[in-house]
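Subject: Structure handover

Hi,

Here is the structure we discussed. Please open it alongside this note.

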Amino acid sequence: MILFDRFVGMELAYYRALNRRVLLSGKDAKNLSAQEKGYAGECTYDRIFDEVGHGFVFVFRDVYLGIEGRAAQYDSLIVSDDGIVVNEIKNYSGNYRYDKGTWYIGKSPVSDDALSQLRRAVGKLVKLRYQVRGKFNISGKVIFPNIEFRLQSNDDELWDNVVMRSGLRSYLMQFQNMNAGRVAEDIAELIRSHIVPNTYFDKCADFSAVRKGLYCSECGGFELENRKYHLVCESCGSRETKETHIIRAISDYKALFLNERLTNKRFMEFIGYKVSEKTVFRMLNKYCEQHLKGPATHYTFKYKSFDDACENNDRSWRYKDYIDGLVRD
Ligand SMILES: [Zn+2]
């Protein structure tokens, strides 16, 4: 059972939204492509796990846990009565070599050390287990889901700790036979109670520098013809409802302006006044929490992302609780 699903992370959402509205610098474009690649790898892993089936185990995808005052990120945590398995997902591609603690691509050393990242991630959970005097196992693997990834090494310890794409399906199949009863529920509760927001990402775009308006999701064009309920792209003819456009714009605003309040006035400016204030007001109240303070009334998006808002318009109470916990005033 998936207890926490994966959504586009803050950093990827930021660069995607920025890319629509400014010409990215070389560094930003590189960051966007690295983020896209990482996310694609995580989605491949999720898809294969979904196809294989999760059996009874509990799965947490992309969570930050607050342990000893710091947030640690986990790509995937699998919880059964045996304990917790950490899966650190690396979407590497190309020919890699691992020798005496260093990774190489061709002859160049790689700065990332996936194995120490895994050790650190496992180590943090060991601390958490110690804090609660828990008695369950904690282990982990680095997962390489990319079919184009090759790895050479004579290090047995490495091979014990990694799962290549060719072995991923059979690796994930083992979880089907695991039990998840009372013990697993307690562990899942422990994890849930330590989930914190991502505090690492703190980039905020310059409001005056981003292009205002609404854009076509197909071609990115900003020239849209205003119909009664739809906006029609003048470049490619795609048609999307005003509601869809507004949800996307709210999601973009949240991604781009981390600590800037979303007010009616600010949002109208952001969307270039392309939709009537009345419609915007209705949508803000439908998709956001309203924080009433007269003219300074502001809104916080109830959803993790555009896709989340489209799919989960009738959210479960559990998810709502989590979102409430994230709202910062
Ligand atoms: Zn278009």
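Below is what turned up on helix packing and on the internal cavity.

First, a caveat: the model is predicted.

**H1 against H2**

Start with helix H1 (residues 10-21) and helix H2 (residues 26-52). Their axes come within 9 Å and cross at roughly 130 degrees. Angles over 145 degrees would count as roughly antiparallel. At roughly 130 degrees, H1 is therefore oblique to H2. The crossing is left-handed. On the H1 side, the contact uses Glu11, Leu12, Tyr15, Arg16, Leu18 and Asn19. Facing them in H2 are Asp28, Asn31, Leu32, Gln35, Glu36 and Tyr39. By class, that contact has five nonpolar, three polar and four charged residues.

**H1 against H7**

H1 also packs on H7. Here the angle is about 110 degrees, and the axes are 8 Å apart. The roughly perpendicular class runs from 65 to 115 degrees, so H1 counts as roughly perpendicular to H7. This crossing, too, is left-handed. Ala13, Tyr14, Ala17, Leu18 and Arg21 of H1 meet Asp252, Ala255 and Leu256 of H7. The split is six nonpolar, no polar and two charged. Leu18 of H1 appears in the contact with H2 and in the one with H7.

**H7 against H9**

Next, H7 and helix H9 (residues 277-287). Their axes come within 10 Å and cross at roughly 60 degrees. H7 and H9 are therefore oblique to each other. The crossing is right-handed. H7 contributes Glu243, Ile246, Ile247 and Ile250. H9 contributes Thr279, Val280, Met283, Leu284, Lys286 and Tyr287. By class, the contact has seven nonpolar, one polar and two charged residues.

**The cavity**

How many cavities of 30 Å³ or more are there? The count comes to one. The largest cavity holds about 40 Å³ of space. Its lining is Arg21, Leu214, Tyr215, His245, Arg248, Ala249 and Asp252. Which helix supplies the largest share of that lining? Helix H7 (residues 242-256) does, with four residues. By class, the lining has three nonpolar, one polar and three charged residues.

Two of these names tie the cavity back to the packing. Arg21 and Asp252 line the largest cavity, and both also take part in the contact of H1 with H7.

Best regards

Note on methods
Residues numbered from 1 in each chain as written. Predicted model: local features only at pLDDT ≥ 70, side-chain atom pairs only at ≥ 80, totals over all residues. Heavy atoms only, no water. Axes fitted to C-alpha atoms, helices over the stretch in contact; angles between N-to-C directions. Helix = DSSP H or I, 4+ residues; strand = E, 2+ residues; numbered from the N terminus. Parallel < 35°, antiparallel > 145°, perpendicular 65-115°, else oblique. Left-handed = near helix turned anticlockwise from the far one by under 90°. Contact = heavy atoms within 4.5 Å. Nonpolar A, V, L, I, M, F, W, Y, C, P; charged D, E, K, R; others polar. 1 Å grid on protein atoms, 1.4 Å probe; cavity = no way out; pocket = protein on both sides within 12 Å on 5 of 7 lines; lining within 4 Å. Points joined across faces, edges and corners; volume = space filled by probe spheres on them.
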